[in-house]
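Visitor: Please take one part of this structure, a strand hairpin, and describe it closely. I should then like to see it set beside the rest of the chain.

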Amino acid sequence: MGLRRAFFLLTACGLLVSAALAALLWVGCWSLASRYPSVEVSIGTDGIVTLLPEPTPEQLRRRAVLDIVPLAGCILFPAAGLGLAGALFYRWKLKEPIRILMEGTRRIQAHDLDFTIPAAGSDELGQICAAFEGMRLELLKTNQELWRQAEERRRLNAAFAHDLRNPVTVLKGSVTLLRQDASAPQALDRLERYTARIEQYVEAMSGIQRLEQMPVNPSAAECADLRGEAEETARLLAPMLETEVHGPEGEAVEIDRGIFLTVAENLIGNAARFAQKKLEITLALEKDRLLLTVADDGPGFPPELLKSGPKPFGKLEENAEHFGMGLYVSGLLCLKHGGGLRLENRNGAAATASFQIKRRS
């Protein structure tokens, strides 16, 4: 029941009860007052006039009181009825929602979002509580996302600093060698090689910054087309490997094609470096998710990677040309598209990327 309807109903009930009590009081006082004589003579049906005893002062006082009490009841009972209706309205409709909102406000002011606003009915205040709970969830989601980004940035900076330490040390040594022998060709080659490596590191960092700001723009795409693009990517990146591609037929979805292809290229390229003979690529639809699984027959993912997930500059092999960013970038892109990246070992390595999609009829 809405607040307005409940208020009017309680007010009407209070007034009806007060009117009934006032009427009962009036009848009771009139019945009592009738016991006391109010006239000096009584005329019977036969015309005989009978003198009545004169009322005593005590009787007159009681009768005066009985005349005043009903009038006072007509004023006090409605006032009491309205007061009781207001008290009941506050207790039944206002007290609990106000307490919930005040407690929620206090906890939010204390930067505590780990609580739940309970449902407080379906009236206007209940809807406000539900809206307050939605706001709390959005604040919690935003805080968690900010914390995740800050943590990712901290780990990224730490990994960046760690991986730059070795090239910088080599550059310092090369500079020292050049000072001793300005014609040392090995020192010049090393300077050039490691300078290019630092440049690639910086480019990788800039790429991550751009990924965080990349918008997601879904558009219509046939699953058969996505499967064909994944197959073409495998043919280009792993021409010497036996490749199997599986996927649904006759299905259409809304997905950001660029993000899908970037993730597919990263996963296929990563698998191609470790596969021995075979790659298997599978597309599947599960409710509102499109799954892309790339599996190889290589040695599998290291246990540490399976436990903690891909990290920036987390190399699976010591190779200056690859900074271990493929899986990390794929995970970021999947998160932006409402999905995620799952790594597992099953007769080799298998990486499954999920994307939130809308099916088209």
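Guide: In the hairpin of S6 and S7, 2 residues lie between the strands, and Lys 287 adopts a positive phi near 55 degrees. This is a predicted model, in which local features need pLDDT of at least 70 and side-chain atom pairs count only at pLDDT 80 or more, while totals for chains, interfaces and linings use all residues. Residues are numbered from 1 along each chain as its sequence is written, and side-chain values use heavy atoms, leaving out hydrogens and water.

Helices (H or I, at least four residues) and strands (E, at least two) are DSSP runs numbered from the N terminus; two strands pair if DSSP finds at least two bridges between them. S6 pairs with strand S7 (residues 289-296) in the antiparallel sense over 8 bridges, and the bridge partner of Thr 282 in S7 is Thr 293. S6 also pairs with strand S4 (residues 242-246), here in the parallel sense over 5 bridges. Within that pairing, Glu 244 has Glu 280 of S6 as its bridge partner.

In a regular strand, side chains alternate between the two faces of the sheet. Strand S6 (residues 278-286) has a covered face made of Leu 279, Ile 281, Leu 283 and Leu 285. Its uncovered face carries Lys 278, Glu 280, Thr 282, Ala 284 and Glu 286. Thr 282 and Glu 280, the bridge partners named above, thus belong to the uncovered face.

Elsewhere, helix H2 (residues 57-109) bends by about 50 degrees at Leu 94, with Pro 97 following within four residues; the bend is the angle between axes fitted to the seven residues ending at a position and the seven starting there. Pro 97 is also among the buried residues of H2, which include Phe 89, Lys 93 and Ile 100. Buried means under 20% relative accessible area, exposed over 50%, and partly exposed in between (1.4 Å probe, protein chains only). After H2 comes His 111, with a positive phi near 60 degrees.

Leu 24, in helix H1 (residues 3-33), is exposed, with a relative accessible area of 60%.

The protein as a whole has 8 helices and 10 strands, and 34% of its 361 residues count as buried. Of its contacts (heavy atoms within 4.5 Å) with a separation of 6 or more, 69% involve residues 24 or more positions apart. About 22,300 Å² is exposed, 58% of it supplied by carbon and sulfur atoms; accessible areas come from the Shrake-Rupley method with a 1.4 Å probe, and for residues only the protein chains shown count as cover.
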